[in-house]
Amino acid sequence: MNAANVRDRLIHALRLDLVGPDPLDPRDVGLAHEILDVSPTHWYLTGFLVPSGVAADFEDLTADETLTSADDDDEASDDEPGPARRPIFPSSLGVTVIVGASAKTLHVTARWATYAPEPREPARTETAHTERGAAPPLRWTRQPHTVTVPLSLDAVALRKGVVLPESGGVVVRGVIRALRDDERTSLTSGACVVTVFLVNQRAKSATGPEQDRAVIFQSELEVHSPEGFVPRPNVRGAHLDDDPDERMGDLQYRDAFEYAVGHGVATLATVTGTGSDVFCDTVRTTWTPTAQVERVIPSEVPGCELRMEALAAFDTPAALRDAVTPMVTRYRAWIEQQRATPLDTAARRDLSNFLLDEAGRAADRIARGLALMDDPAVFDAFKRANRAMADAARKRSPERYAKPGSAPTWRPFQLAFVLMNVASIAEPTNPERDVVDLIFFPTGGGKTEAYLGLAAFTLVLRRLRSRASPRRVSRC
C-alpha cells in the first residue's frame, strides 16, 4: 500500500466519522441502511440540515456534555459556569455557478438521508430501569434519498423553487443575476450567475431525541448543465498594482479557473480536457474537500553534468565549463521561448518582461560563476564542496547508491543556485553580496541540499584562502 492509498483511507475514515456514508463512494454501499444506537445529530458533527425557521430553537442534544481538565483545582470547580451559547445549525446549503447565454435549464440532483427512530430491545442492565416505566432507548435506521429535477433558468421559477418528491418538504430553489462590470471577462460574455440552494423545510418533529426525524443528513447538491459552466478566472491580482505578489500570482495562474463556489459547504467540479479544450458540466457540494498539490519534478538538461563526484573529478576549469554550460544555454533558450508567450493584458506583459529580464540576469550570474573557476582557489573549493556533498549523500542513504551506476546527483536548480552565488562569495566587493536569493517551493524538492552545497563551497573557499594568506600573530 503506497502513501496515496493510506491518505485516501484516512480521509475516508474521517468523512465517515464526521459526516456519514457517501452514496457515491462504493466503499459505503454496506452503510446505506446503517443503524445507529444514538441519535444521528449526536453521532455526526456536520453535513446535516435542520428544518428552516427552527435552527435557533433546535435542541443541541450534546449541550449537556462538559469537558473537565485534570488540572482544574477545587477553587475553580466551585465557580458557576458562564452562560452557554446555543449553537445555530444550518438549514440550507448552496452552490453558485456561471452559465452561458445558451443555457436554459439546469439538472439538479439532491442526495440526503433521514434516520428513522424505533425502540430497541433494552440490554439486561437496562431491564429494571425499563420496568419502572422509562421509555426504552431508541435506535436509528438510515434511509437514503436521491431526487433529480429540472430547474428552469427563469428568475421567477428559480425563486419559487421545487419541492422534491417524497421528501417531506426538502426544497431546491435559486436566484439568477447578470454579471457585474468587475466580473466580466472575455470568457463570460453574455453569461449569468446562478445560485442553487438545497433547503430543509420539513416540519419540525417533537422535541427531544425524536427531533432528528426532521433533519436531513449527508446532504449534497449536484448541478449539471449540458452546455457546460463558464470558467471564472481569479482577477483579483490584476487590479492590485501595488502588490507584486498578487500580480505575479495573477500572471502565473492566469489559466487556473473556478467553476463553482459553495455556500456553507465546499464544492467539487468535474473537469475534462486540457488547455483550451477544458470542459466542466457537473459540479457538486462536499463536506470534506480535498485538493492535490502537484509534485515538483526537476527538469532534465541534456548534455549537462550533474553528478557530484564527476564534477569533483574535473582536471581543468575549461573541462568543467564545457560539461555545465549546456545548463546556461538551455536556460537562455527557455527565457526566449517564454517571451513569445501571448498575454492578454498590458500589465501581464510588463510583469512578464520584468521577470524574464531578471531570469536573464540569473543566467548571467551562473555564467559568471563558471567563469570564476579559472581562479585556482574557487575551482578547488567547488570540487571539494561537490566531494563533501557526495560523501554526505552516500552516508545518509547508503541503500540508495548501492546499485552499480547510481551516484549522488544535483538537481538542475541546485547546481544553478550554487553557481549563481559563486561570484558574490568569491569577490568581496561584488555588488551581488547585497542580494538575498530564496528558493521557494513545497517541501521535499531539495532546497536544503542546495543551501548546504553553497555553504560547503563558502567554508572550503575561506579555509583555502586563509591558508594562503599570511597569519597575524597577536601578542598580549
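**Close-ups of a predicted model**

**View 1. Q218, a residue with an unusual backbone angle.** Q218 sits in strand β8. This is a predicted model, so keep that in mind for every view here. Q218 isn't a glycine, yet its phi is positive, at about 45°. Is Q218 buried or exposed? With 4% relative accessibility, Q218 counts as buried. That fits the strand around it: β8 covers residues 217-224, and 7 of its 8 residues are buried.

**View 2. Strand β8 and its partners.** Let's stay with β8 and look at the strands it pairs with. Strand β3 (residues 105-119) is joined to β8 by 6 bridges, and the two run antiparallel. To find your way around, look for V108, which stands opposite V223 in β8. Strand β13 (residues 279-286) also pairs with β8, again in the antiparallel sense, over 3 bridges. For that pairing, find E222, whose bridge partner in β13 is R284. As a bit of background, strands of a sheet pair through backbone hydrogen bonds, in either a parallel or an antiparallel way.

**View 3. An open sheet of 5 strands.** In what order do the strands of this open sheet come? Reading across, you get β5-β6-β7-β2-β11, with antiparallel pairing. The strands at the edges are β5 (162-163) and β11 (261-263); each has a single partner strand, so one side of each is left without a neighbour in the sheet. At the β5 edge, 2 bridges join β5 to strand β6 (residues 170-178), and these two run antiparallel. A handy pair to spot here is V163 and, opposite it in β6, V171.

**View 4. E166, in the loop between β5 and β6.** Follow the chain out of β5 and you'll meet E166 in the loop that lies between β5 and β6. Like Q218, which has a positive phi of about 45°, E166 has a positive phi, about 55°, without being a glycine. The surroundings are another matter: E166 has 80% relative accessibility and counts as exposed, whereas Q218 counts as buried at 4%.

**View 5. E258 and the residues it touches.** E258 belongs to strand β10 (residues 257-258). Its relative accessible area is 36%, so E258 is partly exposed. Which residues does E258 touch, once you skip those up to four places away in sequence? They are V230, P231 and R232. Take R232: along the chain it is 26 residues from E258, but the C-alpha atoms of the two are separated by 5.3 Å.

**View 6. Helices α9 and α11 crossing.** Now for some helices. The axes of α9 (residues 346-371) and α11 (residues 412-420) come within 7 Å and cross at roughly 75°. The two helices are therefore roughly perpendicular to each other. On the α9 side, the contact is made by A362, R365, I366, G369 and L370, and on the α11 side by A416, L419 and M420. Sorted by class, this contact has 6 nonpolar, 1 polar and 1 charged residues.

**View 7. The largest nonpolar core.** Which members of this core of 41 residues touch the most other members? Those are F382, L415, L419 and F457. At least two core residues come from each of α7 (308-311), α8 (317-339), α9, α10 (376-396), α11, α12 (422-426) and α13 (447-468). The largest share, 8 residues, comes from α10. Zoom in on L415: leaving out neighbours within four places in sequence, L415 is in contact with E305, L306, L311, V324, M327, F382 and W410. Apart from this core lies another one, of 32 residues, including A110, V149, L151 and Y259.

**View 8. T443, in the loop between α12 and α13.** Last stop: T443 lies in the loop linking α12 and α13. Is T443 buried or exposed? With 80% relative accessibility, T443 counts as exposed. In sequence, T443 and R295 are 148 residues apart, while their C-alpha atoms are 9.7 Å apart in space.

**View 9. Zooming back out to the chain.** The chain has 13 helices and 13 strands. Of its 476 residues, 38% count as buried. Look at contacts between residues at least 6 apart in sequence, and 71% of them join residues at least 24 apart.

Conventions:
Residues numbered from 1 in each chain as written. Predicted model: local features only at pLDDT ≥ 70, side-chain atom pairs only at ≥ 80, totals over all residues. Heavy atoms only, no water. Axes fitted to C-alpha atoms, helices over the stretch in contact; angles between N-to-C directions. Helix = DSSP H or I, 4+ residues; strand = E, 2+ residues; numbered from the N terminus. Parallel < 35°, antiparallel > 145°, perpendicular 65-115°, else oblique. Contact = heavy atoms within 4.5 Å. Nonpolar A, V, L, I, M, F, W, Y, C, P; charged D, E, K, R; others polar. Core = buried A, V, L, I, M, F, W, Y, C linked by side-chain atoms within 4.5 Å. Buried < 20%, exposed > 50% of the residue type's maximum accessible area, 1.4 Å probe, protein only. Pairing = 2+ DSSP bridges.
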